[in-house]
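User: I would like to learn how to read strand pairing, salt bridges and surface patches in a model. Please give the general idea each time, then the case here.

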Amino acid sequence: CPVYIVKRDSNLSSKEEKDIEDIIKEGMYKNTGNSTSNNNYIFNGKLKKIKQFCEQQLKIYVEQVINPKEELDFYITQSWLNITKPGGFHHQHSHSNSIISGVFYISTEEDDKIIITDPNIKVKELIKFEIKEYNIWNSGIWFFPVNNSQLILFPSWLDHSVKPNEKATTDRISISFNTFVRGTFGLRNELTELIL
């Protein structure tokens, strides 16, 4: 399953730091293990350069992974800020009503990582082999280290989570977003055409 990881060349600007402070001041609500911004459309008014970077990378992901024949317009729908305090976590979940999801990391610590869970693990373990060495093809879960200014894109149906980082001393801050698409899909003659 394709997981796309890229790092932005620049650190946060003072304007971006101010935008993040303002988003936090607008209010956060408590989730299980973390907090999420009350504003679930933060890219609509703030963090324009981070949004542009995410959109550029989304375009590359679509071209290289999906590789659609027709011109399609993938766009960011919801976007929100996450704060995970030391010892906090994100439960295993996926994102409904989205095609590609992304996480852009603002503030991380040395051992921070995102965990991706293979949705086919139950099928793959119907016959269980002893593994000599785990890799991305034979593992039920895979850990991806995360760093400041890094973006991860993945199919929205893919389960992901964050385990508690007991060694953390600062808040982990990230921006998550979902996407959808406009365009024409399928073929009229095969009765699969969909125009959005």
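Analyst: Start with pairing: two strands count as paired if DSSP finds at least two bridges between them. Keep in mind that this is a predicted model.

User: What is the bridge partner of F104 in β11?

Analyst: F104 has I175 of β11 as its bridge partner. β6 and β11 run antiparallel and are joined by 6 bridges.

User: With which strand does β6 pair over 5 bridges, and in which sense?

Analyst: In general, strands of a sheet pair through backbone hydrogen bonds, either parallel or antiparallel. Here β6 pairs with β9, residues 150-155, in the antiparallel sense over 5 bridges. Among the partners in β9, P155 is matched with I100, and F154 with S101.

User: In what order do the strands of the sheet lie?

Analyst: The order is β1-β9-β6-β11-β4-β3-β2, which makes an open sheet of 7 strands with antiparallel pairing. At the edges are β1 (4-7) and β2 (28-30), each of which pairs on one side only. From one strand to the next the twist averages 25°. Helix α1, residues 14-26, packs on this sheet and touches β2, β3 (35-37), β4 (73-84) and β6. The direction of α1 makes about 70° with that of β4.

User: Why is β6 described as largely enclosed by the rest of the structure?

Analyst: The general step is to count buried residues, where buried means under 20% relative accessible area. In β6, 7 of the 8 residues are buried, so the strand is largely enclosed by the rest of the structure.

User: Now salt bridges. How many does the structure hold?

Analyst: The idea is a side-chain nitrogen of Lys or Arg within 4 Å of a carboxyl oxygen of Asp or Glu. The structure holds 11 salt bridges. One of them joins the side chains of D111 and K167, at 3.6 Å from N to O. These two residues sit in distant parts of the chain, 56 residues apart. D111 is in the loop between β6 (100-107) and β7 (113-117), and K167 is in the loop between β10 (159-162) and β11 (172-182).

User: Is K167 buried or exposed?

Analyst: K167 is exposed, since its relative accessible area is 62%. Its partner D111 counts as partly exposed, at 34% relative accessibility.

User: Which residue forms a salt bridge with D112?

Analyst: The side chain of D112 meets that of R172 in a salt bridge, again read from N to O, at 3.6 Å. This pair also links distant parts of the chain, with D112 in the loop between β6 and β7 and R172 in strand β11, 60 residues apart. D112 is buried, having a relative accessible area of 6%. R172 is buried as well, with a value of 5%.

User: What are the accessibilities of the salt-bridge partners K128 and E125?

Analyst: K128 is exposed at 56% relative accessible area, while E125 is partly exposed at 38%. Their side chains meet at 3.2 Å, N to O.

User: Finally, which residues make the nonpolar surface patch of about 510 Å²?

Analyst: To be eligible for a patch, a residue must have over 30% relative accessible area and no salt bridge. The patch of about 510 Å² is made by V123, L126, I127 and F129. Of these, I127 lies in the loop between α3 (121-124) and β8 (141-145). I127 counts as exposed because its relative accessibility is 59%.

Note on methods
Residues are numbered from 1 along each chain as its sequence is written. This is a predicted model: local features need pLDDT of at least 70, side-chain atom pairs count only at pLDDT 80 or more; totals for chains, interfaces and linings use all residues. Side-chain values use heavy atoms; hydrogens and water are left out. Helices (H or I, at least four residues) and strands (E, at least two) are DSSP runs, numbered from the N terminus. Buried means under 20% relative accessible area, exposed over 50%, partly exposed in between (1.4 Å probe, protein chains only). Axes are lines fitted to C-alpha atoms, for helices over the stretch in contact, and angles run from 0 to 180 degrees between N-to-C directions. Contact means heavy atoms within 4.5 Å. Patches are made of residues with over 30% relative accessible area and no salt bridge: like charges are joined within 9 Å, nonpolar side chains (Val, Leu, Ile, Met, Phe, Trp, Tyr) within 5 Å. Accessible areas come from the Shrake-Rupley method with a 1.4 Å probe; for residues, only the protein chains shown count as cover.
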